[in-house]
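Colleague: Could you walk me through this model and tell me how each label was earned? I would like to hear the criteria along with the values.

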Amino acid sequence: MMAHLTENPADKERFICLYPVYINSKKTLAEGRRIPSEKAVENPSCAEIRDVLTAAGLNVYVENKMHPREWNRDVQFRGRVRIQLKQADGSLCQDKFTSRKDVMFYVAEMIPKLKTRTQKSGGGDTSSQQGEGGKKSKKKKK
């Protein structure tokens, strides 16, 4: 009901939702994956999605929600990312993100390149505490 009160795409209620499940290569389509498994990421976290999209310059925030088909109540599977795709006047915030699909493919492509991912060469996983400051490299591929 509430979401219909606002038509303004800049309102938080209008942000698109992205659950980590959507881009998780470990999930089946029936379990909620929404992109092809070969393009998906192994167990992505909300923090990773947020970091990638924040670095891309999008307006993002995380909610403490669960995907309805996520049976695992563990904190690493918890959370939903909300992303602003359009500005108040209806124009896109960024031309390369025209739909949630664009966002999903982009995130799935960028998460494996995160430092916290590339440094995981077996054994001691000390880099799992996502560093908030300074580490974001804004690499534009174009």
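Colleague: What pattern does the chain follow along the sequence?

Modeller: Read from start to end, the pattern is β-α-β-β-α-α, with three helices and three strands in the chain. Helices (H or I, at least four residues) and strands (E, at least two) are DSSP runs, numbered from the N terminus. Please keep in mind that this is a predicted model, where local features need pLDDT of at least 70, side-chain atom pairs count only at pLDDT 80 or more, and totals for chains, interfaces and linings use all residues. Residues are numbered from 1 along each chain as its sequence is written, and side-chain values use heavy atoms, with hydrogens and water left out.

Colleague: How do you know that S2 and S3 pair?

Modeller: Two strands pair if DSSP finds at least two bridges between them. S2 and S3 (residues 80-83) have four bridges, in the antiparallel sense, so the criterion of at least two is met. In one of these bridges, Val 60 has Ile 83 of S3 as its partner.

Colleague: And what makes S1 and S2 edge strands?

Modeller: The open sheet has the order S1-S3-S2, with antiparallel pairing. S1 (16-18) and S2 (60-63) each have a single partner strand, so one side of each is left without a neighbour in the sheet. On average, neighbouring strands are turned by 30° against each other, direction ignored.

Colleague: Where do H1 and H2 lie against the sheet?

Modeller: H1 (residues 46-55) lies across S1, S2 and S3, running at about 170° to S2. H2 (residues 100-110) packs on the sheet too, touching S1 and S3, and its direction makes about 30° with that of S1. Axes are lines fitted to C-alpha atoms, for helices over the stretch in contact, and angles run from 0 to 180 degrees between N-to-C directions.

Colleague: Why are H1 and H2 called roughly perpendicular?

Modeller: Their axes cross at roughly 105° and come within 10 Å. Angles under 35 degrees count as roughly parallel, over 145 as roughly antiparallel, 65 to 115 as roughly perpendicular and the rest as oblique. H1 and H2 are therefore roughly perpendicular to each other.

Colleague: Which residues meet where H1 and H2 are in contact?

Modeller: Ile 49, Val 52 and Leu 53 of H1 meet Val 103, Tyr 106, Val 107 and Met 110 of H2, contact meaning heavy atoms within 4.5 Å.

Colleague: What makes Arg 80 and Glu 63 a salt bridge?

Modeller: A salt bridge is a side-chain nitrogen of Lys or Arg within 4 Å of a carboxyl oxygen of Asp or Glu. For Arg 80 and Glu 63 the N to O distance is 2.8 Å, so the pair qualifies. Arg 80 is in strand S3 and Glu 63 in strand S2, 17 residues apart.

Colleague: Are Arg 80 and Glu 63 buried or exposed?

Modeller: Buried means under 20% relative accessible area, exposed over 50%, partly exposed in between (1.4 Å probe, protein chains only). Arg 80 has 13%, so Arg 80 is buried; Glu 63, at 16%, counts as buried as well.

Colleague: Why is Lys 113 called partly exposed?

Modeller: Its relative accessibility is 45%, so Lys 113 falls in that class. Glu 109, at 35%, also counts as partly exposed. Lys 113 and Glu 109 form a salt bridge, with the closest N and O atoms 3.7 Å apart.

Colleague: What does the salt bridge of Glu 70 with Lys 27 tie together?

Modeller: Glu 70 lies in the loop between S2 and S3 and Lys 27 in the loop between S1 and H1, so parts 43 residues apart in sequence are tied together.
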